[in-house]
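Trainee: Could you take me through one part of this model closely? I'd like to look at the sheet and whatever packs around it.

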Amino acid sequence: MEKKRFAVLMCAEDSEYVKKVYGGYSGVFVRMLAEEGETWDVYKVARGEFPEDHELLLYDGFVITGSCSDAHGNDTWVRDLLDLLHKLHSMNKRLLGICFGHQILGRALGGKVTRSPTGWDIGVRTIKLSPSLPFSLSSLDLPSRLSIIECHRDEIRELPAKAEVIAWSEKTGIEMFKYGDHIMGIQGHPEYSKDILLHLIDRLIQGNCIMDAVGIQARERAAQWDPDKEAWKRVCVKFLKGRL
């Protein structure tokens, strides 16, 4: 049997802490998703490292990661990523977008991404799953609500008609969406641990991205609930590996 091959499209720069403890953000994704016998490659697209067109056929699926950049922005690499996503969509490749990845997929499909009108969402949040989940996910026998780590201030505000919202929360109207049977976006971070979240909160405070009070509140929220990491792992693996 031919080995499955996947790629992580890295849209963020690693901090020294995440590199030291987790082997970088790509390492976090690979540990969550990889199974024995698979090949996983990493393209640092935020640095302009993209797969060549002839390489795209080699892959069974792609994961688009989070980022500090804006999915509604027009940086050169963001425009190049949009071009790549259009190609992959036309090839019917399986695409899983996380946070920024979720947003840039929505934009690539013709949706609208903006700043959230209610500001940052940082911490652990409970989201409600649609009763009409795709069959591939409904077979997982998930509860109607799952907790996930969030860290974002942008969100998808509008999706194209063919896209379907499959999860939402009190804070964000589009927490998950699907398009056909080959594209899925998750606004939260199924791959994050609480340790990574707390590290990010510190970085955001030090970078003056959020006020101290917001960081304190986020830490308090993180302490109150645990994310449903195992359930999210099953969701991501089930979708990405095409086990319909």
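Mentor: Here is a walk through the sheet, then the core and the helices.

Keep in mind as we go that this is a predicted model. The sheet is an open one of 9 strands, and reading across it you get the order S2-S1-S3-S4-S11-S10-S9-S6-S7, with mixed pairing. Strand S2 (39-43) and strand S7 (145-152) sit at the edges with a single partner strand each, so each has one side left without a neighbour in the sheet. If you ignore direction, neighbouring strands are turned against each other by 25° on average. As a general reminder, strands of a sheet pair through backbone hydrogen bonds, in either the parallel or the antiparallel sense.

Let's start from the S7 edge and work inwards. S7 is joined to S6 by 8 bridges, and the two run antiparallel; on that seam, Thr126 stands opposite Ser147 in S7. On we go to S6 (residues 121-129) and S9 (residues 163-168), which also pair in the antiparallel sense, over 2 bridges. Here you can find Leu129 opposite Ala167 in S9. S9 in turn is joined to strand S10 (residues 176-179) by 4 bridges, again antiparallel, and Glu164 stands opposite Lys178 in S10.

Now stop at Met176, since S10 spans residues 176-179. Leaving aside neighbours within four places in sequence, Met176 is in contact with a good list of residues, including Ile127, Leu129, Glu164, Val165, Ile166 and Ala167, as well as Met184, Gly185 and Ile186. His102, Trp232 and Val235 are on that list too. Met176 is also one of the residues with the most contacts inside the largest nonpolar core, alongside Leu33, Leu96, Met184 and Ile186; that core has 49 residues. Helix H8 (residues 229-240) gives the most to this core, with 7 residues. Apart from it lies another core, of 30 residues, with Tyr43, Tyr59, Leu84 and Tyr179 among them. In soluble globular proteins, nonpolar side chains do tend to be buried together.

Over at strand S1 (residues 5-9), pick out Phe6. Phe6 has 0% relative accessibility, so it counts as buried. Beyond its sequence neighbours within four places, Phe6 is in contact with Glu38, Thr39, Trp40 and Asp41, with Tyr59, Asp60 and Gly61, and with Leu240 and Lys241. For a contrast, try Ala34, in the loop between helix H2 (25-33) and S2: its relative accessibility is 31%, so Ala34 counts as partly exposed.

What packs on the sheet? Let's go back to its strands for that. Neighbouring ones, as I said, are turned by 25° on average, direction ignored, and helix H4 (residues 100-108) packs on the sheet, touching strand S3 (61-64), strand S4 (94-98), S7, S10 and strand S11 (183-186). The direction of H4 makes about 125° with that of S4.

Last, have a look at a helix pair. The axes of helix H6 (residues 194-206) and helix H7 (residues 212-224) come within 9 Å and cross at roughly 175°, so H6 and H7 are roughly antiparallel to each other. From H6, the residues Lys194, Leu197, Leu198, Ile201, Asp202 and Ile205 meet Asp212, Gly215, Ala218, Arg219, Ala222 and Ala223 in H7. Sort the residues of that contact by type and you get 7 nonpolar, 1 polar and 4 charged.

Key
Residues are numbered from 1 along each chain as its sequence is written. This is a predicted model: local features need pLDDT of at least 70, side-chain atom pairs count only at pLDDT 80 or more; totals for chains, interfaces and linings use all residues. Side-chain values use heavy atoms; hydrogens and water are left out. A nonpolar core is a set of buried Ala, Val, Leu, Ile, Met, Phe, Trp, Tyr and Cys residues joined through side-chain atoms within 4.5 Å. Buried means under 20% relative accessible area, exposed over 50%, partly exposed in between (1.4 Å probe, protein chains only). Contact means heavy atoms within 4.5 Å. Two strands pair if DSSP finds at least two bridges between them. Axes are lines fitted to C-alpha atoms, for helices over the stretch in contact, and angles run from 0 to 180 degrees between N-to-C directions. Angles under 35 degrees count as roughly parallel, over 145 as roughly antiparallel, 65 to 115 as roughly perpendicular and the rest as oblique. Ala, Val, Leu, Ile, Met, Phe, Trp, Tyr, Cys and Pro count as nonpolar, Asp, Glu, Lys and Arg as charged, and the others, Gly among them, as polar.
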